[in-house]
Amino acid sequence: MSHNPGGIGRVGVEEKQSTLAIEERQAGDVVVLSLTGQITLDDGELKFGRWIDDLLKRGLNKILVDLAGVTYIDSAGVGMMAYELKAVRATGGALKLLSLKGRSHRLLTMMKLMTAFEVFEDEATAIRSFART
């Protein structure tokens with residue numbers, strides 16, 4: 001059985017494989033998270049939330065989330081992003097979005113969250129923007 005951090009659920013029952021993959025890398029003092037797959041209720045949104053919480057525990061609070069590989073996001077996913085935005089800001093940091101497209105863009109607009117997030121189309125510009133944060 002492969003190691004799955006936080007992957008054991010109730011009474012030793014292993015959770016299903018997540019539909020969200022997260023790749024983390026550093027760009028100076030900014031953490032770039034490249035997300036691939038789906039951010040949905042009881043799956044991707046939980047994984048995303050745990051990942052951000054872990055970054056904050058490690059003292060990393062300049063976070064750029066690349067959504068180019070996200071194929072689907074539901075309202076729970078957007079809600080978790082908003083919750084984590086508030087948590088990151090409470091530490092004096094910033095959580096910004098990159099490559100917000102299609103349905104994800106429409107959902108954030110519909111939920112009136114587009115004004116809460118800084119959204120970028122170009123990674124270099126997004127990373128430079130943290131110097132102003």
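Where is the place of Ser99? Ser99 sits in the loop between β4 and α3 (102-110), and the last view below returns to this residue. The model is predicted, so local features need pLDDT of at least 70 and side-chain atom pairs count only at pLDDT 80 or more, while totals for chains, interfaces and linings use all residues. Residues are numbered from 1 along each chain as its sequence is written, and side-chain values use heavy atoms, with hydrogens and water left out.

**View 1. The sheet and the helix packed on it.** Five strands form an open sheet in the order β1-β2-β3-β4-β5, with mixed pairing. Helices (H or I, at least four residues) and strands (E, at least two) are DSSP runs, numbered from the N terminus; two strands pair if DSSP finds at least two bridges between them. β1 and β5 (119-120) are the edge strands, each with a single partner strand, so one side of each has no neighbour in the sheet. β1 and β2 run antiparallel and are joined by 8 bridges. Ala27 has Val30 in β2 as its bridge partner. α1 packs on the sheet and touches β1, β2, β3 and β4. The direction of α1 makes about 25 degrees with that of β1 (axes are lines fitted to C-alpha atoms, for helices over the stretch in contact, and angles run from 0 to 180 degrees between N-to-C directions).

**View 2. The largest nonpolar core, with Leu35.** This core has 23 residues, and Leu35, Phe48, Leu67 and Leu95 have the most contacts inside it. A nonpolar core is a set of buried Ala, Val, Leu, Ile, Met, Phe, Trp, Tyr and Cys residues joined through side-chain atoms within 4.5 Å. At least two of its residues come from each of β1 (20-27), β2 (30-39), α1 (44-57), β3 (62-73), α2 (75-90) and β4 (94-98). Beyond neighbours within four places in sequence, Leu35 is in contact (heavy atoms within 4.5 Å) with residues including Leu20, Ile22, Phe48, Val65 and Leu67. A second, separate core of 8 residues includes Val30, Ala94, Phe120 and Phe130.

**View 3. Thr40 and Asp42 in the loop between β2 and α1.** Thr40 lies in this loop, as does Asp42. Thr40 counts as buried at 12% relative accessibility, whereas Asp42 counts as exposed at 54% (buried means under 20% relative accessible area, exposed over 50%, partly exposed in between; 1.4 Å probe, protein chains only). Not counting residues up to four places away in sequence, Thr40 touches Thr19, Glu45, Tyr72 and Asp74. Asp42, a residue other than glycine, has a positive phi near 60 degrees.

**View 4. Ser99 in the loop between β4 and α3.** Ser99 is not a glycine, yet its phi is positive, at about 60 degrees. Ser99 is buried, with a relative accessible area of 10%.
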